[in-house]
Amino acid sequence: MKQKEIIAAALLALSVFCLGWFIKAGIDDFASKDRKVCVKGLAEQEVKADKVTWPIVSKEVGNDLPGLYEKIGSTQSKIKAFLIKGGVKEEEISFNAPQVADLTAREYDSGNRAYRYIVTSVLTVTSKNVDLVRQLIAKQGDLLREGVAITGDSYDNQIQYEFVAFKEMKPKMMQEAIENAQVTAEQFAKNSHSKLNKIVSADQGQFSIDDRDEYTPWIKKVRVVTTVTYSLKN
């Protein structure tokens, strides 16, 4: 009888121990669920633009509209010849319809003017050979010898540089951003006397492509920032 009491007491003690252990494990697990660290990972890279759009604007002024159209046609031919000679492909050149402004149609026209019409023509070069086009932009003064005056960049007709091969580098940059986030998270875990556990959540990253500076718009800065949340453990 005494032996049965001892066994019963031992089983009771074991049950109490197991119950306590399970409660502690549950509390630890519940507490660890709130132990997280949220960090940002950054990856940056400078690249050269791989596409350029160059609107070439010319204007003619006068009173004889048919004559102005002939001048615009001659100007466009000279610009095209300059581009073809410089290495631009014919399929990279496009012409927009000339735009005519009649000064007499303006509401506040005073009548004191030297000419009636302004005809604006835009010839556009769209090319992936950015270096070649940049060389021609620097040489556009040669057109003055042909009697062609190019109008400076306006707000609506600015030279645009793009980086269209962006999709090809997205996976590698995302990987680099996540690796940088992990380095930051590991340092945080070390400082808090913890260990980094698995990723709880992560976003796809915010990508941006900007000019490196206002003086070199053909150099682009590609940037991605991703946010990663890790769980921590003892």
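**Note on helix α2 and Glu 60**

1. In helix α2, the buried residues (under 20% relative accessible area, 1.4 Å probe, protein chains only) are Gly 67, Leu 68, Ile 72, Thr 75, Gln 76, Ile 79, Phe 82 and Leu 83. They pack against β2, β3 (93–95), β5 (117–127) and α3 (130–138), contact meaning heavy atoms within 4.5 Å.

2. This is a predicted model, in which local features need pLDDT of at least 70, side-chain atom pairs count only at pLDDT 80 or more, and totals for chains, interfaces and linings use all residues. Residues are numbered from 1 along each chain as its sequence is written, and side-chain values use heavy atoms, with hydrogens and water left out.

3. Helix α2 covers residues 65–86, 22 in number, and its first and last C-alpha atoms are 32 Å apart, close to the 32 Å expected at 1.5 Å a residue; that expectation is 1.5 Å times one less than the number of residues. Gly 87, just after α2, has a positive phi of about 110°.

4. Glu 60 belongs to strand β2, residues 51–62. Its contacts beyond four places in sequence include Leu 68, Ile 72 and Tyr 117.

5. Glu 60 is buried but has no salt bridge, and Lys 71, the nearest side chain of opposite charge, is 4.8 Å away. A salt bridge needs a side-chain nitrogen of Lys or Arg within 4 Å of a carboxyl oxygen of Asp or Glu.

6. Across the protein, 29% of the 234 residues are buried.

Note on methods. Helices (H or I, at least four residues) and strands (E, at least two) are DSSP runs, numbered from the N terminus. Buried means under 20% relative accessible area, exposed over 50%, partly exposed in between (1.4 Å probe, protein chains only). Lys and Arg count as positive and Asp and Glu as negative; His and the chain ends are not counted.
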